[in-house]
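Here is a short tour of the aromatic rings and the nonpolar packing in one protein chain. Have the viewer open as you read, and follow along residue by residue.

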Amino acid sequence: MKKEIFLCAISNISSGSCLEDCGFCTQSIKHHANIKRYKHKDINEIVNEAKNAKANGAVGFCLVTSGRGLDDKKLSFVCEAATAVKKEVSDLNIIGCNGIANKEQLKTLKSAGVDLYNHNLESSKEYYPNLCSTHSWEERYETCLNVKEVGLKLVCGGIFGLGESSDDRVSFVQSIKALDPFTMPLNFFHPNPALPIKASHMNEEEALSIIRYVRSELPNTRLMVAGGREITFVTKQSQIFDAGANSIVIGNYLTTAGAEPNKDIAMIKNAGYKIAPYCDA
């Protein structure tokens with residue numbers, strides 16, 4: 001029997017107000033990227049997005065905020081959004097993605113209905129200083145440890161194609177392996193003229209080989225191909241599942257458009273796979 005594919009959707013609930021200088025991220029105000037910027041998305045809009053995600057087969061719904069981490073106002077807003085979504089779509093797993101967080105903040109999110117927390121390492125410990133100067137890789141890793149300690153499921157991955165070496169990729173994957181996350185997002189760099197990183201698109205075969213390698217190292221982790229999927233696997237999107245991925249993001253990403261969900265669903269079914277009906281199926 002063909003494996004089931006888990007679908008996840010993203011809601012960018014606070015966009016483009018980050019003071020950090022991550023060279024891969026259009027949400028940093030330092031890069032002046034041409035994106036939509038807003039402090040808070042309307043709660044009703046977030047709930048409607050969650051309902052649409054569920055209707056399209058998503059089992060996870062990620063509430064993403066821009067910025068280094070959580071202050072009291074942002075924490076309160078994320079909790080309000082999570083509570084509202086849970087009230088209307090009770091069987092949808094809520095993922096918080098709100099930057100560096102301490103244990104008390106994570107406990108507060110958990111009490112508001114957040115089930116998982118996504119905080120990516122992005123790249124290897126050795127390469128990360130080339131990507132960001134305003135916070136450290138170690139701070140990211142500590143947040144991931146905090147997530148597990150408070151009893152939230154950890155979602156942790158990163159971005160490939162940032163100019164890193166093959167050794168960096170090995171180091172990065174080994175760090176993820178040590179954290180043993182519930183889900184690992186595999187993002188592939190989406191170039192933007194505003195960003196300081198000028199790496200070009202990764203070719204399909206190299207990207208598929210990365211998925212195979214990650215699957216060999218993390219045989220029991222859910223592997224979610226996320227950002228950059230459409231531009232990286234142009235003609236071979238269904239092959240990501242044969243390579244070892246068993247989850248994708250449907251709909252739009254943070255600041256870039258994704259495919260129409262019905263097209264992704266058709267692609268999955270045409271390849272002989274099933275849509276997973278539950279997060280823990």
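The charged end of K153 lies over the ring of F182, at 4.4 Å from the ring centre. A second contact of this kind involves R222, whose charged end sits over the ring of F6, 3.4 Å from its centre. Please keep in mind that this is a predicted model.

**Ring against ring**

How many aromatic pairs does the structure hold? There are 5 of them. A pair of aromatic rings is described by the distance of the centres and the angle of the planes. Take F160 and F172: their ring planes stand at 65°, which is over the 60 degrees required, so this pair is edge-to-face. The two partners come from distant parts of the chain, 12 residues apart, with F160 in strand β6 (residues 158-160) and F172 in helix α5 (residues 166-179).

F188 and F233 make another pair, and with their planes at 90° this one is edge-to-face too. Here the separation along the chain is 45 residues: F188 belongs to strand β7 (residues 183-188), while F233 sits in the loop between α7 (229-232) and α8 (239-243).

The geometry of these two pairs is set out below.

| Pair | Centre distance | Plane angle |
|---|---|---|
| F160 and F172 | 5.5 Å | 65° |
| F188 and F233 | 5.2 Å | 90° |

F160, F172, F188 and F233 join into one aromatic cluster. Are its members buried or exposed? F160 has a relative accessibility of 2%, so it counts as buried, and F172, at 2%, is buried as well. F188 is buried with a relative accessible area of 3%, and F233 is buried with 0%.

**The nonpolar cores**

In soluble globular proteins, nonpolar side chains tend to be buried together. In this model the largest nonpolar core has 79 residues, and F61, F160 and F188 are the ones with the most contacts inside it. Which element gives this core its largest share? That is helix α2 (residues 72-88), with 8 residues.

F61 is a good place to zoom in. Leaving aside residues up to four places away in sequence, F61 touches a set of residues including C8, A9, I46, A50, A53, V85, L92, I94 and I95. Its contacts also include S11, E49 and N93.

Apart from the largest core lies another, of 11 residues, and among its members are C8, I95, V249 and Y253. Two of those names, C8 and I95, are also among the residues that F61 touches.

Note on methods. Residues numbered from 1 in each chain as written. Predicted model: local features only at pLDDT ≥ 70, side-chain atom pairs only at ≥ 80, totals over all residues. Heavy atoms only, no water. Phe/Tyr/Trp six-rings, centres within 6.5 Å; stacked < 30°, edge-to-face > 60°. Helix = DSSP H or I, 4+ residues; strand = E, 2+ residues; numbered from the N terminus. Buried < 20%, exposed > 50% of the residue type's maximum accessible area, 1.4 Å probe, protein only. Lys NZ or Arg CZ within 6 Å of the ring centre and 35° of its normal. Core = buried A, V, L, I, M, F, W, Y, C linked by side-chain atoms within 4.5 Å. Contact = heavy atoms within 4.5 Å.
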